[in-house]
Amino acid sequence: MSAYLSVMIDDLYSARILTLAANMPRTGRLDAPQGTGHRVARLCGSTATVDVILDDTGQVADYAQAVKACALGQAAAAVLGEQVIGATGDEIEQARDAMAAMLKSGGEGPEGRFADLRMLKQVADYPARHASALVAVEAALDAVRAAERARLSGAA
């Protein structure tokens, strides 16, 4: 293994990331979701499909995710699975935006319930991995926004 590859693996795949990836909560699909989001990271092929049910106040009441990604994408999905119940679409959107800024422009990363996504800060040095780290967060936001639209149209 080259020295560069060894350093990259050590930097990206910490014990914490690998532990989260191996223990991703809320896996699978919901039987009757109000909203579903699906994202594909084109560069690496990572995918995330997220189903949500919102409560009467618009907070996530139930959540399931089917994620096929590298350990980075799975670790982000694990943080979502642990913290998403009770979150609003705006909170998820703020976390997504802060995470994207962290990866692409030196931002500090998400705060509040999704602050654990900051553990992926070192991914900023590996642009080819950005989409995988974001795929579950983007799918979760898509699912919540779909549920919100369904509610507004009277379908939910």
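Trainee: Where is Met-99 found?

Mentor: Before we start, this is a predicted model, where local features need pLDDT of at least 70, side-chain atom pairs count only at pLDDT 80 or more, and totals for chains, interfaces and linings use all residues. Residues are numbered from 1 along each chain as its sequence is written, and side-chain values use heavy atoms, with hydrogens and water left out. Helices (H or I, at least four residues) and strands (E, at least two) are DSSP runs, numbered from the N terminus. Met-99 is found in helix H4.

Trainee: Is Met-99 buried or exposed?

Mentor: Go by relative accessible area: buried is under 20%, exposed is over 50%, and partly exposed is in between, using a 1.4 Å probe and protein chains only. Met-99 has a relative accessible area of 0%, so it counts as buried.

Trainee: Which residues does Met-99 touch?

Mentor: Contact here means heavy atoms within 4.5 Å. Ala-133 is a nice case, sitting 34 residues from Met-99 in sequence but 9.0 Å away in space, C-alpha to C-alpha. Leaving out residues up to four places away in sequence, Met-99 touches Ala-76, Pro-110, Leu-117, Leu-120, Ala-133, Leu-134 and Val-137.

Trainee: Which element gives the most to the largest nonpolar core?

Mentor: A nonpolar core is a set of buried Ala, Val, Leu, Ile, Met, Phe, Trp, Tyr and Cys residues joined through side-chain atoms within 4.5 Å. The largest one has 44 residues, and Met-99 and Val-52 are among those with the most contacts inside it. H2, E2, E3, H3, H4 and H5 each supply at least two residues of this core. The top contributor, with eleven residues, is H5.

Trainee: How far apart are the end C-alpha atoms of H5?

Mentor: The expected span of a helix is 1.5 Å times one less than its number of residues. H5 has 24 residues (130-153), so it should span 34 Å. The model agrees with that, as the end C-alpha atoms of H5 are 34 Å apart.

Trainee: Where is the kink in H5 centred?

Mentor: The bend at a residue is the angle between axes fitted to the seven residues ending there and the seven starting there. In H5 there is a kink of about 35°. Its centre is Ala-136.

Trainee: How many residues of H3 are buried?

Mentor: H3 has 13 residues and reaches 18 Å from its first C-alpha to its last, close to the 18 Å expected. Among its buried residues are Ala-71, Leu-72 and Gly-73. H3 is mostly covered, and the buried count is ten of 13.

Trainee: Which residue has a positive phi although it is not a glycine?

Mentor: Most residues other than glycine have a negative phi. The one to look at lies in the loop between helix H2 (15-22) and strand E1 (35-40). With a phi of about 60°, it is Arg-26.

Trainee: What radius of gyration does the protein chain have?

Mentor: The radius of gyration is taken over C-alpha atoms, and the globule rule is 2.2 Å times the number of residues to the power 0.38. With 156 residues, a compact globule would come out near 15 Å. The protein chain agrees, at 15 Å.

Trainee: What pattern does the protein chain follow along the sequence?

Mentor: There are five helices and three strands to place. Read along the sequence, they give α-α-β-β-β-α-α-α.
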